[in-house]
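Q: Hi! I have a protein open on my screen and I'd like some help finding my way around. Can we go through it together?

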Amino acid sequence: MQAPVLVLKDSLTRESGSKVHHANIQASKAVADIIRTSLGPRSMLKMLLDAAGGIVVTNDGNAILRELDIAHPAAKSMIELSRTQDEEVGDGTTSVIVLAGEMLHVAEAFIDKKYHATVICRAYNKALEDALAVLDKIAMSIDVNDRLMMLGLVKSCIGTKFTSQFGDLIADLALDATTIVGVDLGQGLREVDIKKYIKVEKIPGGQLEDSKVLKGVMFNKDVVVPGKMRRKIVNPRIILLDCPLEYKKGENQTNAELVKEEDWGVLLKMEEEYIENLCAQVLRFKPDLVITEKGLSDLACHYLSKAGVSAIRRLRKTDNNRIAKACGAVIVNRPDELQESDVGTRAGLFEVKKIGDEFFAYIVDCQDPKACTVLLRGASKDLLNEVERNLQDAMSVARNILKHPKLVPGGGATELTVSATLKQKSSSIEGIEKWPYEAAAVAFEAIPRTLAQNCGVNVIRTMTALQGKHANGENAWTGIDGNSGVIADMKELKIWDAYNVKAQTFKTAIEAACMLLRIDDIVSGIKKKQAPGSTQPSKPTIEQEGDADTEQMIPE
């Protein structure tokens, strides 16, 4: 006789078997349904209320899911997918959720038929390998120096975003910014660090058309003494410091005992001489502009302004790094270690301008800068936030192309080609894995189907016509025009996708679907709150063999 099963009813709750599979699949489908309408150029916007009470208006998959407060663990892991996709390639955040949701949806039928999850996962992984092979086959290499081609590509990738109505503007900004900060590592490799060296400065007011990429940097600071220091300097010599130009305070508490009255004067003179000495060491190199991340005392300001030097204090570390990259200066920690090579001479103009109520310092017209600032203007903060999100996506796409200059067709054409090829291959697969493999092939059609739904055309007719054109894995460039819902050649319409965005979408979606399918148990250690006035928690009950959960038994 089997041993009795002990179930702790008061603190642990447990679900297992096919119940869990169904619950996970339903939760994932619910998440996919939330953002399904945000796919494609005719997608709907979502208005979200965030925790602080502010509003977010967007159709960016990651931005929408980030604001959701969901308790179900499977739904949480789906939201995580979108974040991963955003960090990895910066685009395809909606597609990855829709595709993962569809992969789980088609697996539900096999779970009902008592297929083992491992069999389904094995078929899915085989389908992923074959899908990536098809991507390699239909991918097209491009020349990254061909600006028109690059512009068309970035434009088609952000054509699904809110800012697509402003034409080439965002694509131009993104392309200019990423071209400026790109660094050649040799052997055909190129490094583009968007986070560190591209600063997006959002200033409400003006028109969106006034937005531009500065060949240099700007930051929200004014000179320390506006009346005495110059606010405009042509070809400035710039020194960047990471130390305070003020009297050094002791590390720990210091007491000084003064016996004579004159000693007080000596002490003050020592402080003055120390600061004068610091300023002399800096002024030796005849700078026009001194910028420090730390404090700047009044006396130091006096010595600097007397020598005709402008000064800016308490600048952010990140801004200082960008200035160093833009004007060729080196950030120095001690003034006595300054050298001529540390002075930045590549900037063409330093100027302080007033925009609205605030002063902004510009260091622009730099020769070969490796950092830049994108200045965004717009009617309201909400609009600017959405433009910034779109710009980040556009810059990520431009970076991806610079790193991997390969294209695949957009408008659902890639997914249909992959689907048709996998359907053909499924006939040569033997054994039980054939059916889940075929289901995975059908699941890829979710992307073009959703595009057709969001255009408002007849989905069944459009999908049937597309499947007919792709039947033998031919016409790889035939897809849906996301604006009109008409079937067209993606090459002629210049609707493209970056190769590594598509590859990452497929990998993330299928691997996540496999992970969720392999969960057969959810054990929660959170105590359930008791209703007020209820009795003491019941003691652990022992279930006998006959009562034990029989759902996990192997079917006949």
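Q: Let's start small. How many residues sit between β3 and β4 in their hairpin?
A: Five residues lie between β3 and β4. One residue in that turn is G53, which has a positive phi of about 95°. Keep in mind that this is a predicted model.

Q: Okay, and in which sense do those two strands pair?
A: They are antiparallel: β3 (residues 46-49) pairs with β4 (residues 55-58) over four bridges. If you look at L49, you'll find I55 of β4 standing opposite.

Q: Zooming out, how many helices and strands are there in the protein?
A: The protein has 18 helices and 24 strands. Of its 556 residues, 50% count as buried.

Q: Since it's a prediction, what is the mean pLDDT?
A: The mean pLDDT is 84, with 90% of the residues reaching 70 or more. Over residues 1-12, though, pLDDT stays under 50. Residues 541-556 are also below 50.

Q: New topic: how many residues are in the largest nonpolar core?
A: There are 57. Among the residues with the most contacts inside this core are M103, Y124, F444 and F506. Several helices give two or more residues to the core, including α4 (93-112), α5 (117-138) and α18 (499-517).

Q: Which element gives the largest share?
A: That's α5, with 11 residues. There is also a second, separate core of 48 residues, which includes V154, A174, A394 and V501.

Q: Back to F444. What is F444 in contact with, apart from its neighbours within four places in sequence?
A: Its contacts include L99, M103, A131, L422, F506 and I510.

Q: Is F444 buried or exposed?
A: F444 is buried, and F506 is buried too.

Q: How many aromatic pairs turn up in the whole structure?
A: A search finds three. One of them is Y247 with Y274, an edge-to-face pair with 5.4 Å centre to centre and 85° between the planes. Y247 is in the loop between β12 (238-241) and α9 (261-283), while Y274 is in helix α9, 27 residues apart. Y247 is partly exposed, with a relative accessible area of 33%, and Y274 is partly exposed as well, at 32%.

Q: And why does the F444 and F506 pair count as edge-to-face?
A: Their ring centres are 4.9 Å apart and their planes are at 65°, so the pair is edge-to-face. F444 lies in the loop between α14 and α15 (446-455) and F506 in helix α18, so the pair ties together parts 62 residues apart in sequence.

Note on methods
Residues numbered from 1 in each chain as written. Predicted model: local features only at pLDDT ≥ 70, side-chain atom pairs only at ≥ 80, totals over all residues. Heavy atoms only, no water. Core = buried A, V, L, I, M, F, W, Y, C linked by side-chain atoms within 4.5 Å. Buried < 20%, exposed > 50% of the residue type's maximum accessible area, 1.4 Å probe, protein only. Contact = heavy atoms within 4.5 Å. Pairing = 2+ DSSP bridges. pLDDT = per-residue confidence, 0-100. Phe/Tyr/Trp six-rings, centres within 6.5 Å; stacked < 30°, edge-to-face > 60°.
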